[in-house]
Amino acid sequence: MSLSVKIEKRLGDFFLQADFEADNQRLAILGQSGAGKSLLLKCIAGIEKPDRGRIILDDRILFDSEKKINLPPQKRRAGYLFQNYALFPNMTLYQNISQTAKNKDSVNELISRMGLSGKENEYPARLSGGEQQRLALARLLASEPELFLFDEPFSALDSNRKAELERLILELLEEKKSPSILVTHDRNEAFRMAEKIAIFADRGRLSLPLEKHDFFERPSTVGAARLSGCKNITRLKWLDDQRALALDWGIRLHFDGETSGRKILSRAPYAAFRAHYLEICSPADAQKENVFSCRIKRVIEDAFSFTVYFEQEDSTSLIHWEISKSAWKEIEASFPNKKLYVRIPKDKLMLLEP
């Protein structure tokens, strides 16, 4: 089963552009609020009509502006799990599922599979949040969709409920082997749930999907790096082909001919590295490449780690370092004056376009 989307949609001063394909794959779309994530799903589901373009699911044309084709939502066979679940409040649990079921004989089986047996005659308002989630998922399954669309279904859940629903959805998608799209602003959620990731780096314009490991290890733009969780980003002023001043950190950086898997073909205006790749050095290493002295500005404790913020004399932006609690406890006493030497490994530097 394959999905091909190439559409444009204007909504007021907002302009959506998307061009991608998904072949039996789980695709996650990252973006901040207002980036266009939900609008894209609504266009695919038939709730919104694009201005131009086409949407094809396998060999079925769902939308084609040139051919004047625009199938209604009920004929698209796209299962849409809304953020608020959109349950029918005046119908019982059983009625909610049977209302959309292609095969009425499957309703009781779905109720049992979702752990809802005994709740058949309850109305949504009498169900717990977790039960409402499973009811919404059972109703989606009952419609036997060829495409699954998930609109931030985990955003209002605590960690236990989120883990349970993630597991149920992953099991479902692995069983059905149908294309799916999850929109989210949570990078960890995207990594767990998807095989490929695309982003709305610019408001309204969707990037090409990348394999999820490539997306996190080799982002190509500042927007992609930020959405992937990278906190250390600086402007560059190049001195020659392999050296540049990190303007926001006040230090000089050395680059190899290939950085994070990307050849240096041009002098990119930005560089970045992930917060857990910083290395502690001794004063004897002070003259080595990418080693610099700094002071600890602040240490913030998380449940299982520390985030250490460094400042350099000429820096305008703090450098983040993430380290486990056990590792930090072992070395914390080594910096009584809060001054230390650190190194940014050359192979962990990422070159970025705006």
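These exercises walk through the strands, helices, pockets and cavities of a predicted model.

**Exercise 1. Judge how confident the prediction is, and find where confidence is lowest and highest.**

Solution.
- Step 1: Begin with the whole protein. Its mean pLDDT is 91, and 97% of the residues reach 70 or more.
- Step 2: Now go to the extremes. Confidence is lowest in strand S16 (residues 262-263), with a mean of 48. It is highest in strand S6 (residues 69-70), at 98.

**Exercise 2. Trace the order of the strands in the open sheet of six, and work out which strands stand at its edges.**

Solution.
- Step 1: Write down the order, which is S7-S8-S9-S3-S10-S11, with mixed pairing.
- Step 2: Look at the two ends of that order. Strand S7 (78-81) and strand S11 (210-211) each have a single partner strand, so one side of each is left without a neighbour in the sheet.
- Step 3: Zoom in on one pair inside the sheet. Strand S8 (residues 147-151) and strand S9 (residues 180-184) run parallel and are joined by four bridges. To find this pairing in your viewer, start at Phe150, whose bridge partner in S9 is Leu182.

**Exercise 3. Find which strands helices H5 and H6 meet, and give the angles.**

Solution.
- Step 1: Take helix H5 (residues 129-142). It lies across S7 and S8, and its direction is at about 170 degrees to S7.
- Step 2: Take helix H6 (residues 159-176). This helix packs on the sheet and touches strand S3 (26-30), S7, S8 and S9. Its direction makes about 160 degrees with that of S8.

**Exercise 4. Describe how strand S19 is paired with S20 and with S22.**

Solution.
- Step 1: Start with S20 (residues 305-311). Six bridges join this strand to S19, and the two run antiparallel. Three residues lie between S19 and S20, which form a hairpin. As a landmark, Arg298 stands opposite Tyr309 in S20.
- Step 2: Move on to S22 (residues 339-343). Five bridges link this strand to S19 (residues 291-301), again in an antiparallel run. Here the landmark is Cys294, whose bridge partner in S22 is Leu340.
- Step 3: Keep a general point in mind while you inspect side chains: in a regular strand they alternate between the two faces of the sheet.

**Exercise 5. Work out what lines the largest pocket and what lines the second largest pocket.**

Solution.
- Step 1: The largest pocket has a volume of about 560 Å³. Its lining holds 21 residues, and Ala78, Gly79, Tyr80, Thr100 and Ser143 are the closest to its centre.
- Step 2: Ask which elements build that lining. Helix H2 (73-76), S7, helix H3 (93-100) and H5 each supply at least two residues. The largest share, four residues, comes from S7, the strand that also stands at an edge of the sheet.
- Step 3: Sort the lining of the largest pocket by type. It has 12 nonpolar, five polar and four charged residues.
- Step 4: Repeat this for the second largest pocket, with about 480 Å³ of space. Of its 22 lining residues, Phe216, Glu217, Arg274, His276 and Tyr277 lie nearest the centre.
- Step 5: Helix H7 (187-193) and helix H8 (212-217) each supply at least two residues here, with H7 giving the most, four. The types in this lining are six nonpolar, seven polar and nine charged.

**Exercise 6. Locate the two cavities of 30 Å³ or more and connect them to the strands above.**

Solution.
- Step 1: The largest cavity has a volume of about 40 Å³. Among the residues that line it are Arg26, Leu27, Phe150, Leu182 and Met193. You have already met Phe150 and Leu182 as bridge partners.
- Step 2: S3 and S9 each supply at least two residues of this lining, and S9 has the largest share, with three. By type, the lining has seven nonpolar, one polar and one charged residue.
- Step 3: The second largest cavity holds about 30 Å³ of space. Its lining includes Trp249, Phe292, Cys294, Phe310 and Glu311. Of these, Cys294 was the landmark for the pairing with S22.
- Step 4: S19 and S20 each supply at least two residues of the lining of this second cavity, which divides into five nonpolar, three polar and one charged.

How values were computed:
Residues numbered from 1 in each chain as written. Predicted model: local features only at pLDDT ≥ 70, side-chain atom pairs only at ≥ 80, totals over all residues. Heavy atoms only, no water. Pairing = 2+ DSSP bridges. Contact = heavy atoms within 4.5 Å. Axes fitted to C-alpha atoms, helices over the stretch in contact; angles between N-to-C directions. 1 Å grid on protein atoms, 1.4 Å probe; cavity = no way out; pocket = protein on both sides within 12 Å on 5 of 7 lines; lining within 4 Å. Points joined across faces, edges and corners; volume = space filled by probe spheres on them. Nonpolar A, V, L, I, M, F, W, Y, C, P; charged D, E, K, R; others polar. pLDDT = per-residue confidence, 0-100.
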